[in-house]
Amino acid sequence: MERNMFGVVLWSNPVDRKAVIWCEDQGDLAFYRHTDETQNLSLEAGDWVQFELETQRKQRFACNPRLIQGGACRSLPDMLTAARDEMSGGSAQGTDAGRNGGIQTANVIPFNPTGRRSGAELIETKARHA
């Protein structure tokens, strides 16, 4: 089943023309491999893209990506790495299993490209003007 999805490129390899995309639904990452020679698209970490999401053998693939805003979330890969490092270090907001009854907690990084309002902000604005 295909459906449209927005996402942010977390990693890309310009030589192999591959990318890994964090999807707006917070599900599994989507993998992209440039195979259409007629399309001249180069993705970089932090790019905000829209694509058709396809699932094959329990893996998600991004097909026909379209660049929405280059570098929109350029700091996101670093934010995720910092959050992972913080969690593995057992910081105050991290993984103190004793304090949390043996349950690991996680930091949530909001999916909000820079320069764009969140869905909640857009709904609130529309509600005020209705």
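1. In this predicted model, Arg3 has a relative accessible area of 39% and is therefore partly exposed. Arg3 forms a salt bridge with Asp25, and the closest N and O atoms of that pair are 3.1 Å apart. The contact links distant parts of the chain, since Arg3 belongs to strand 1 whereas Asp25 sits in the loop between strand 2 and strand 3, 22 residues apart.

2. Asp25 is itself partly exposed, because its relative accessible area of 34% falls between the limits of 20% and 50%. Asp25 also forms a salt bridge with Arg60, with the closest N and O atoms 2.8 Å apart. Arg60 lies in strand 5 (residues 59-69) and Asp25 in the loop between strand 2 and strand 3, so this pair ties together parts that are 35 residues apart in sequence. Arg60 is buried, with a relative accessible area of 10%.

3. The count of salt bridges in the model comes to 3, and one of them joins the side chains of Asp85 and Arg84, at 3.0 Å from N to O. Here Asp85 is partly exposed, with a relative accessible area of 40%, while Arg84 is exposed, with a value of 52%. Through shared partners, salt bridges join Arg3, Asp25 and Arg60 into one network.

4. The largest nonpolar core has 13 residues, and those that touch the most other members are Ile21, Ala30, Leu43 and Phe51. Strand 1, strand 2, strand 3 (30-33) and strand 4 are the elements that give two or more residues to this core. A second, separate core is made of 7 residues, among them Trp22, Trp48, Ala72 and Cys73. As general background, nonpolar side chains tend to be buried together in soluble globular proteins.

5. Ala30 deserves a separate remark. Leaving aside residues up to four places away in sequence, Ala30 touches Ala19, Val20, Ile21 and Cys23, together with Phe51, Leu53, Arg60, Phe61 and Ala62. The list thus includes Arg60, the residue that forms a salt bridge with Asp25.

6. A search of the whole structure for aromatic pairs finds 1. Phe6 and Trp48 make up this pair, which is tilted, with 5.6 Å from centre to centre and 35° between the planes. Because Phe6 lies in strand 1 and Trp48 in strand 4 (residues 48-56), the pair ties together parts that are 42 residues apart in sequence. As for accessibility, Phe6 counts as partly exposed at 26%, whereas Trp48 is buried, with a relative accessible area of 11%.

7. The geometry of helix 1 (residues 76-88) can be checked against its length. At 1.5 Å a residue, its 13 residues should span 18 Å, and the end C-alpha atoms are indeed 18 Å apart, so the two values agree.

8. Which residues of helix 1 are buried? They are Leu76, Pro77, Ala83 and Met87. These residues cover an arc of only 125° around the axis, which means that they lie on the same side of helix 1. The general background is that an α-helix has 3.6 residues a turn, so residues three or four places apart point the same way. Asp78 and Ser88, by contrast, are exposed on the other side of helix 1. The cover over the buried residues of helix 1 includes strand 1 (3-13) and strand 2 (18-23).

Key:
Residues are numbered from 1 along each chain as its sequence is written. This is a predicted model: local features need pLDDT of at least 70, side-chain atom pairs count only at pLDDT 80 or more; totals for chains, interfaces and linings use all residues. Side-chain values use heavy atoms; hydrogens and water are left out. Helices (H or I, at least four residues) and strands (E, at least two) are DSSP runs, numbered from the N terminus. The expected span of a helix is 1.5 Å times one less than its number of residues. Buried means under 20% relative accessible area, exposed over 50%, partly exposed in between (1.4 Å probe, protein chains only). The arc is that of the directions from the helix axis to the C-beta atoms. Contact means heavy atoms within 4.5 Å. Rings of Phe, Tyr and Trp (its six-membered ring) pair if their centres lie within 6.5 Å; planes under 30 degrees apart count as stacked, over 60 as edge-to-face and the rest as tilted. A nonpolar core is a set of buried Ala, Val, Leu, Ile, Met, Phe, Trp, Tyr and Cys residues joined through side-chain atoms within 4.5 Å. A salt bridge is a side-chain nitrogen of Lys or Arg within 4 Å of a carboxyl oxygen of Asp or Glu.
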